[in-house]
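Got your viewer open and a selection box ready? Here is a short walk through the fold, one selection at a time.

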Amino acid sequence: MPNPPRSALAPRLGAALFALAALLAAAPADSPVDVPEPAELWTGPQHGYTPATLKGATVIDVGALGTLLPEKPVLLDVAIMDRKPDGFPAGRPWLPAHRSIPGATWLPNAGAAPLPPDEETLFYRRVEDLTGGDRGKPVVTFCHPECWGSWNAAKRLVAKGYTRIYWLPEGVEGWQERHDTSVVRQDPAWAARSAAPQR
């Protein structure tokens, strides 16, 4: 069988290289293909394979979190709020319940990048309130597995000078495999941001 002409191979080769690049950009932390750690915040989709590292922070698993809990760390859940499904009946109330690690403070979508400047300011203010202004107090960021939002939240706090930042890539699902979760409500100050008048 004759070999195809080079002109026919070029589109195939380009498609193969594109697929390989997409794979490299989306490989999980436990994949044989490592996801490189970005120098800045991740501005792509929040759901996707993440790096195994976060410079300036400590990456922990659920077991290590259990060891840290006696120190009463600030637990920051930045999972995105559930959206009403398409076709949800108009007359039925939409009452989603967000389950998280007990004692967590839920700041939905606080790991987005970029964040509007007023939301970024509020994020830092809420963490300052929760830590009592102690930048050496342990803070754990998490959401769901393969979530860039919690990676970004930790990255922001490292850049702000917090010295004991922990990132839990296993997220809520990792926790609930071995422990109970509880229903948490959105942090009231964070919830109020959407009700504030726009300037």
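Start by colouring everything by relative accessibility: buried residues make up 36% of the 199 residues in the protein. Keep in mind that you are looking at a predicted model. Now switch to a cartoon, and you should be able to pick out six helices and seven strands. Going along the sequence, they come in the pattern α-β-α-β-β-β-α-β-α-β-α-β-α. If you draw a contact map too, look well off the diagonal: of the contacts with a separation of 6 or more, 78% are between residues 24 or more positions apart.

**Stop 1: the sheet.** Select the strands β1, β6, β5, β2 and β4, in that order, and you are walking across an open, parallel sheet of five strands. Its edges are β1 (58-59) and β4 (105-106), each with a pairing partner on one side only. Next, zoom in on residues 74-77 and 139-142, which are strands β2 and β5: they run parallel and are joined by four bridges. Which residue of β5 stands opposite Leu75? Show the sticks and you will find Val140 there.

**Stop 2: helix α3.** Add residues 117-131. This is α3, which lies across β2, β4 and β5 and runs at about 150° to β2. While you are on this helix, pick Phe123 and Tyr124, both of them buried. We'll come back to their rings shortly.

**Stop 3: the disulfide.** Select Cys143 and Cys147. Their sulfur atoms are 1.8 Å apart, and a disulfide joins them; the count for the structure comes to one disulfide. Measure the torsion about the S-S bond in your viewer and you should get about -120°, so this disulfide is left-handed. Are the two cysteines buried or exposed? Turn on a surface to check: Cys143 and Cys147 are both buried.

**Stop 4: helix α4.** Move on to residues 148-159. The helix has twelve residues and reaches 16 Å from its first C-alpha to its last, close to the 16 Å expected at 1.5 Å a residue. How many of its twelve residues are buried? Ten are, which leaves α4 mostly covered. Among the buried ones are Trp148, Trp151, Lys155 and Arg156, so don't assume that a charged side chain here is exposed. To see what does the covering, display β2, α3, β5 and β6 (165-167), which are among the elements packed over those buried residues. Just past the end of α4, click on Gly161 and read its backbone torsions: phi is positive, about 100°.

**Stop 5: the rings.** Last selection: the aromatics. A search of the whole structure turns up three aromatic pairs. Take Trp42 and Trp148 to begin with: their ring centres are 4.4 Å apart and the planes sit at 15°, so the pair is stacked. Trp42 belongs to the loop between α1 (6-25) and β1, while Trp148 is in helix α4, so the pair ties together parts 106 residues apart in sequence. The two partners get their accessibility labels from their numbers: Trp42, at 26% relative accessibility, counts as partly exposed, and Trp148, at 2%, counts as buried. Now go back to Phe123 and Tyr124, whose rings form a tilted pair, 5.7 Å centre to centre with 55° between the planes. Finish by adding Trp151 to the selection with Trp42 and Trp148: ring pairs link these three into a cluster.

Technical notes: Residues are numbered from 1 along each chain as its sequence is written. This is a predicted model: local features need pLDDT of at least 70, side-chain atom pairs count only at pLDDT 80 or more; totals for chains, interfaces and linings use all residues. Side-chain values use heavy atoms; hydrogens and water are left out. Two strands pair if DSSP finds at least two bridges between them. Helices (H or I, at least four residues) and strands (E, at least two) are DSSP runs, numbered from the N terminus. Contact means heavy atoms within 4.5 Å. Axes are lines fitted to C-alpha atoms, for helices over the stretch in contact, and angles run from 0 to 180 degrees between N-to-C directions. The expected span of a helix is 1.5 Å times one less than its number of residues. Buried means under 20% relative accessible area, exposed over 50%, partly exposed in between (1.4 Å probe, protein chains only). A disulfide is a pair of cysteine sulfur atoms within 2.5 Å. Rings of Phe, Tyr and Trp (its six-membered ring) pair if their centres lie within 6.5 Å; planes under 30 degrees apart count as stacked, over 60 as edge-to-face and the rest as tilted.
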